[in-house]
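I opened this notebook to record what I looked up in the model, working through strands, helices, single residues and the metal site in turn.

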Amino acid sequence: MNVHARLAAAALILASIAACSPEAEKTADPTAAAPAAENADIHAFRIGALEAAALRDGEIRLANKAGESPWSDTAAARAVLTEAGQSGDSISLSVQPLLVRDGERVVLIDTGAGGRMGTQNRLVASLRAAGVDPTMVTDVLISHAHGDHVGGLVGADGSLTFPRAAVRISAPEWEYMKAGAARAGETALLTAVTPRVQPFAPGAQVTPSIKAVALAGHTPGHTGYEIASGTDRLLYVGDALHSSVISVQRPDWVNAWDTDGAAGVATRQGLLERGAAAGARIYGVHFPFPGLGRFQRRDDGFVWVPETTGQP
Ligand SMILES: [Zn+2]
């Protein structure tokens, strides 16, 4: 399956799970990372008193061309990318689920792609490098039901990757996930995960320090998470924004992966305006690793200012 096909599949709920790439699964070995590489795959930081870590799962790389990129005006996308010092030929989306230790709870936000969509399936190795065995995870919080966020819930053999964790997902997203799996005729992941799922109402306080934030547009129950400790905050924005260049500098461009394009635009613009005004600390699950930084106003728009390069 080529990258185009993988990305097309990713845009359909759970279809990427149904179509999981055999060649990607063969080459993906979650235990393959050497210790030196593991260090580069984790970035530990604090949110107030809480310990957190960005955990690299891999990278999705797509060509800047019609049908593969979610931004239809590829010439304009090329101009924005090259202006930012990047190649205009391709778009790189990192994948880095977020680990948060919230008191007794060991919380993982999203689960990566599980080796699908051309990614490297490093999440479990990264988690272990951060000192956490998958059996120690108590809560998995899902932003939305696309394959690069829920694919890591199960391993290649279909068993649960985090067997003791409650899987928390917004109630509308859970309904969307079930309907999508039924439509795609793909129920293996759904069957495995259903006994662990605890849906919540949009906006719910999910753990003592983590509150769900409804971010409309990408999927029907798409959810960000605000992690708070004392006066410190971090907002996990999920797929409200994908590219740290295009999504931030051209939030008004409709993203073909959003189920409601207009709502997606409004959500992005609101996040950028409020985030820049407040100097809010942001976590972009698809931004360059480790995905930590802030939005800043520049000229008529916004730019992404990373907090760190993530180098150990
Ligand atoms: Zn995604």
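**Entry 1, a strand pair.** I began with strand β2 (residues 50-55) and strand β5 (residues 98-102), which run antiparallel and are joined by 4 bridges. For the record, helices (H or I, at least four residues) and strands (E, at least two) are DSSP runs numbered from the N terminus, and two strands pair if DSSP finds at least two bridges between them. Within this pair I found Ala-53 standing opposite Leu-99 in β5.

I note that this is a predicted model, in which local features need pLDDT of at least 70 and side-chain atom pairs count only at pLDDT 80 or more, while totals for chains, interfaces and linings use all residues. Residues are numbered from 1 along each chain as its sequence is written, and side-chain values use heavy atoms, with hydrogens and water left out.

**Entry 2, the sheet around that pair.** Following the pairing outwards, I read an open sheet of 7 strands in the order β1-β2-β5-β6-β7-β8-β9, with mixed pairing. Its edge strands are β1 (42-47) and β9 (197-200), each of which pairs on one side only, and the twist averages 25° from one strand to the next. Helix α8 (residues 171-184) lies across β8 (166-170) and β9, running at about 100° to β8; axes here are lines fitted to C-alpha atoms, for helices over the stretch in contact, and angles run from 0 to 180 degrees between N-to-C directions.

**Entry 3, the other sheet I looked up.** Here 7 strands form an open sheet in the order β10-β11-β12-β13-β14-β15-β16, again with mixed pairing. Because β10 (205-207) and β16 (301-306) stand at the edges with a single partner strand each, one side of each is left without a neighbour in the sheet. I found β10 paired with strand β11 (residues 210-214) in the antiparallel sense over 2 bridges, and the bridge partner of Thr-207 in β11 is Ile-210. Helix α11 (residues 261-278) lies across β13, β15 (292-298) and β16, at about 95° to β15.

**Entry 4, two residues.** I looked up Thr-223 in strand β12 (residues 223-229) and found that it counts as buried at 3% relative accessibility (buried means under 20% relative accessible area, exposed over 50%, partly exposed in between, with a 1.4 Å probe and protein chains only). Its side chain reaches the backbone oxygen of Gly-221 at 2.8 Å. Leaving aside neighbours within four places in sequence, Thr-223 is in contact (heavy atoms within 4.5 Å) with residues including Ser-170, Phe-200 and Val-213.

Ser-126, in helix α6 (residues 123-129), is also buried, with a relative accessible area of 1%. Its C-alpha atom is separated by 5.9 Å from that of Asp-41, 85 residues apart along the chain.

**Entry 5, the zinc ion.** Which residues are the protein donors of the zinc ion? I found Asp-148 (OD), His-149 (NE2), Asp-239 (OD) and His-286 (NE2), lying 2.1 to 2.2 Å from the ion; donors are N, O and S atoms within 2.8 Å of the metal (3.2 Å for Na, K and Ca), and since water is not among the atoms, sites may look incomplete. His-149 lies in helix α7 (residues 147-150) and Asp-239 in the loop between β13 (232-236) and α10 (246-249), so the pair ties together parts that are 90 residues apart in sequence. Both His-149 and Asp-239 are buried.

Definitions and conventions
Polar contact = N/O pair within 3.5 Å; in protein donor to acceptor, adjacent residues only side chain to side chain.
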